[in-house]
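Here is a quick walk through a two-chain complex, meant to be read with the viewer open. Take a look at the sequence and the structure first.

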Amino acid sequence: MEPLGWIEILGRLATQFLPVWIALVVTFVLSIRYKRKLGLYGKLFDSNVGMIGFALVMFWVFTAFFADMIATHDPLSQISGMKNKLPGTPVSGSPEGVYAYYLLGGDNLARDVFSRMVMGAREVLKIAPAATVFAFMAGITLGLPAGYFGGKFDLVLSFIANLVLAFPVILLFYLLVTPEIVETGIPIYLAAVLFLFPIIFLVILWNSRYFTQPPKRNLFVAVTLVVGLWLYAGLAFNADPLGIVAMQPNILIVFVSVVFVNSPTVFRIVRGLVLDIKTRDYVAAGQTRGEGPWYIMLWEILPNARGPLIVDFCLRIGYTTILLGTLGFFGLGVSPESPDWGSTIDQGRQLLSIAPHPALVPALALMSLVLGLNLLADGLREESLRD
Amino acid sequence: MLLTALCLTFVVFYLTNLPPNLEKLAKTEASARMTDDEVERWIERNGYGRPVLLRYGEWLGALPGWTNTEDDGRLRGRCVDRAADKADAPRFCGLLQGDWGFSTVFKQPVSDIIATRLGLTGILMFWVMALMVPLALLIGVLAGMREGTRLDRSLSTFSIATTATPEYVSGVIFIVFLASNAGVQIFKGTATSAMDGITFQNFFLPVLTIALYGTGYIARMTRASMTEVMTAQYIRTARLKGVSFASIVLKHALRNALIAPFTVIMLQFPWLLNGVVIVETLFNYKGFGWTLVQAAGNNDIELLLASSVVAVFVVLVTQLISDIGYVFLNPRIRVA
């Protein structure tokens with residue numbers, strides 16, 4: 001068989017992404033149709049920048065979701081004779097039931113670059129948003145009281161936050177993710193602390209809202225505690241009594257170190273916002289009504305700080321993606337087989353002069369995802385400033 | 001700030017001196033096939049067996065170094081081993097006395113390695129700054145000068161795009177398109193030869209790679225402060241007086257618009273450190289970042305400690321400078 005030309009490669013790529021195109025079109029048609037009823041999300045579709053960003057992000061989200069349908073080969077299987085082959089090379093020997101081409105070429109272990117890139121999207125989008133959520137939970141749970149109460153509590157926490165921030169990120173990764181440190185169990189302790197924050201956050205949230213209605217409060221708190229502690233046992237200690245929830249140890253370490261690096265920044269942002277908002281009249285009104293400090297923090301201040309927090313959330317997912325890539329680039333944490341973009345770039349970079357495509361494809365993928373997130377954040381900022 | 005520095009170095013010291021690291025050190029230094037008992041004895045004999053705080057003090061030079069007498073009567077100790085004259089070795093030897101230790105990987109005193117590597121990185125940083133700062137300010141001022149025009153939109157998109165491209169992505173893209181057979185072969189894909197003599201060909205790509213990532217951020221800050229200044233009352237007055245647009249931008253707006261970017265540029269330094277590590281690894285330029293990676297990868301405890309001290313020092317000093325500079329440039333803000 002002849003190798004494919006560039007036009008043919010692009011055509012076949014477009015066909016492979018068919019489920020993504022359909023999902024994107026459906027999302028956009030529905031969103032634009034009902035954009036007046038959708039609040040801030042709907043307003044996003046008024047700005048071009050925001051729409052482009054949203055499209056890029058959703059493209060990767062859907063790619064991660066439909067990865068099994070899109071990928072042409074298994075990301076780990078090697079086919080002999082396909083080492084470092086150029087994009088569009090037909091699979092040698094063409095065995096039955098296998099897609100006939102390596103659309104974006106083969107890497108130095110004769111694996112399909114395209115399938116690895118698609119599967120890598122799933123790896124990245126599994127970790128990055130979740131890590132950002134955890135960082136936000138930790139940052140909010142600590143930042144609200146630090147800004148609201150001030151005093152010694154604030155002093156100590158701010159000192160610790162500045163301490164973590166003064167560390168060069170790469171050094172911190174090298175210190176946290178080496179096998180020797182893993183042996184001592186420090187990442188597990190960190191995970192134990194960091195994973196507690198979402199539970200604390202939700203419990204305080206329900207308690208402060210419904211403590212006047214004990215039955216409702218008890219129900220919400222009980223559900224949160226049961227589900228939360230179950231996930232907690234599974235994720236942090238790999239000791240899920242039902243054996244459903246588990247996290248690979250090396251993923252856990254990567255996850256924890258990324259959360260650890262991000263949460264001080266979130267803490268500082270939240271603290272700054274609280275310091276600003278707590279001087280407003282409605283907070284004083286709440287205080288005179290006799291509302292508890294936690295109710296004011298979580299149900300008066302936090303909703304009013306949502307604009308900057310949402311924008312920062314988008315930016316931070318992008319930043320987390322970059323951090324994950326950095327970790328992969330230095331071969332830290334993730335297993336060498338893993339198709340995530342950072343480690344694929346690292347493997348590809350050694351052979352750049354012979355075969356550039358194995359490194360170039362994930363590099364462009366990572367760039368477009370982060371670009372999409374930044375544009376989305378920019379669009380959101382513009383739209384939220386408008387009202 | 002001193003407290004921060006002490007805390008940070010202690011954390012690094014603690015993390016690099018955990019028992020598994022020491023065991024590995026014992027095995028690489030003495031023999032790979034030691035039994036657990038032998039490893040323990042080696043650690044004990046070489047002074048690694050005592051409490052962490054005590055050893056931290058020794059390393060810092062605030063406490064006297066350990067000494068003990070071997071079975072064959074030789075005197076050994078932290079300071080004794082290094083001194084030329086065993087008899088009158090100093091009691092204190094640590095960071096404060098200028099003794100940074102001995103690298104187990106490069107077989108050289110750590111201070112020598114750090115000095116040469118920092119020099120190389122300094123050259124890199126200088127060129128990065130020389131490229132990044134003017135470029136970023138130019139983009140920011142041009143974009144912020146007339147808000148909402150096509151020039152503004154395209155320059156803003158460009159700066160967003162550069163902040164979305166981490167060094168390891170842009171570096172790879174540059175190498176592929178500008179330094180390999182697949183693209184135009186103008187530059188060289190490695191900067192190893194730049195350590196002996198810098199040429200445009202072997203040095204431009206690493207500099208550009210680091211500079212681009214920071215450019216977008218500084219440019220956006222400059223743009224934001226420029227647009228703010230351009231809507232100020234005195235600019236309107238100047239326009240009504242009939243001053244030409246170029247003269248307004250250069251004489252009236254620019255000075256006030258550059259206050260905010262200054263602090264941002266200073267705070268960029270810790271980020272540059274990050275970029276330096278990535279780019280030096282990618283382009284194989286054996287500077288400070290490369291040394292840090294080698295030290296961390298090979299369990300070279302004293303070199304890693306020294307690198308961290310330097311890194312932390314750089315970060316803290318730039319923070320201090322940016323705080324001072326901010327107050328100095330902007331008389332409206334006075335730190336109480």
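The notes below go from confidence to overall build, then to helix packing and the contact between the chains.

## How far to trust it

This is a predicted model, so start with the scores. For the complex, the predictor reports an ipTM of 0.80 and a pTM of 0.85. Chain A has a mean pLDDT of 82, with 93% of its residues at 70 or more. Chain B averages 77, and 79% of its residues score at least 70.

Which elements sit at the ends of the confidence range? In chain A, the lowest mean pLDDT among the elements is 72, for helix 9 (residues 179-184), and the highest is 89, for helix 14 (residues 281-289). In chain B, strand 2 (residues 75-77) is at the bottom with 62, while helix 9 (residues 233-241) of chain B tops the elements with 87. Where pLDDT is low, the predicted coordinates should not be read in detail.

## Overall build of chain A

Chain A holds 18 helices and two strands. Along the principal axes, its C-alpha atoms fill a box of roughly 80 × 55 × 40 Å. How does the radius of gyration of chain A sit against that of a compact globule? For 387 residues the compact globule would come out near 21 Å, and chain A has 24 Å, which agrees.

## Helices 6 and 11 of chain A

Helix 6 (residues 113-149) of chain A packs on helix 11 (residues 196-210) of chain A at about 55 degrees, and the axes are 8 Å apart. The two helices are therefore oblique to each other, and their crossing is left-handed.

From helix 6 of chain A come A:F134, A:M137, A:A138, A:I140 and A:T141, which meet A:F197, A:P198, A:I200 and A:F201 of helix 11 of chain A. By class, that gives eight nonpolar residues, one polar and no charged.

## Helices 13 and 16 of chain A

Another pair to pull up is helix 13 (residues 249-277) of chain A with helix 16 of chain A: their axes come within 11 Å and cross at roughly 155 degrees. Helix 13 of chain A and helix 16 of chain A are therefore roughly antiparallel, and this crossing is right-handed.

On the helix 13 side, the contact uses A:V254, A:V258, A:V261, A:N262, A:I269 and A:L273. Helix 16 of chain A answers with A:P308, A:D312, A:R316, A:T320, A:L323, A:L324 and A:L327. The contact sorts into nine nonpolar, two polar and two charged residues.

## A helix pair in chain B

In chain B, helix 5 (residues 110-145) and helix 6 (residues 150-163) pack at an angle of about 145 degrees, with axes 8 Å apart. Helix 5 of chain B passes helix 6 of chain B in a left-handed crossing.

Here B:I139, B:L142 and B:A143 of helix 5 of chain B meet B:L151, B:D152, B:L155, B:S156 and B:S159 of helix 6 of chain B. The class split is five nonpolar, two polar and one charged.

## Where the chains meet

How many residues does each chain bring to the contact? Chain A gives 34 and chain B gives 38. On the chain A side, the elements with two or more residues touching chain B are helix 7 (151-166), helix 8 (169-177), helix 9, helix 16 (306-329), helix 17 (341-349) and helix 18 (357-386) of chain A.

Helix 18 of chain A gives the most to this side, with ten residues. The side of chain A that touches chain B divides into 23 nonpolar, seven polar and four charged residues. One caveat for this side: helix 9 of chain A, listed among its contributors, has the lowest mean pLDDT among the elements of chain A.

Terms used:
Residues are numbered from 1 along each chain as its sequence is written. Chains are lettered from A and ligands numbered from 1 in the order in which they are written. This is a predicted model: local features need pLDDT of at least 70, side-chain atom pairs count only at pLDDT 80 or more; totals for chains, interfaces and linings use all residues. Axes are lines fitted to C-alpha atoms, for helices over the stretch in contact, and angles run from 0 to 180 degrees between N-to-C directions. Helices (H or I, at least four residues) and strands (E, at least two) are DSSP runs, numbered from the N terminus. Angles under 35 degrees count as roughly parallel, over 145 as roughly antiparallel, 65 to 115 as roughly perpendicular and the rest as oblique. A crossing is left-handed if the near helix is turned anticlockwise from the far one by less than a right angle, and right-handed if clockwise. Two residues are in contact if their C-beta atoms, placed from the backbone, lie within 7 Å. Ala, Val, Leu, Ile, Met, Phe, Trp, Tyr, Cys and Pro count as nonpolar, Asp, Glu, Lys and Arg as charged, and the others, Gly among them, as polar. pLDDT is the predictor's confidence in each residue, from 0 to 100. The radius of gyration is taken over C-alpha atoms; the globule rule is 2.2 Å times the number of residues to the power 0.38.
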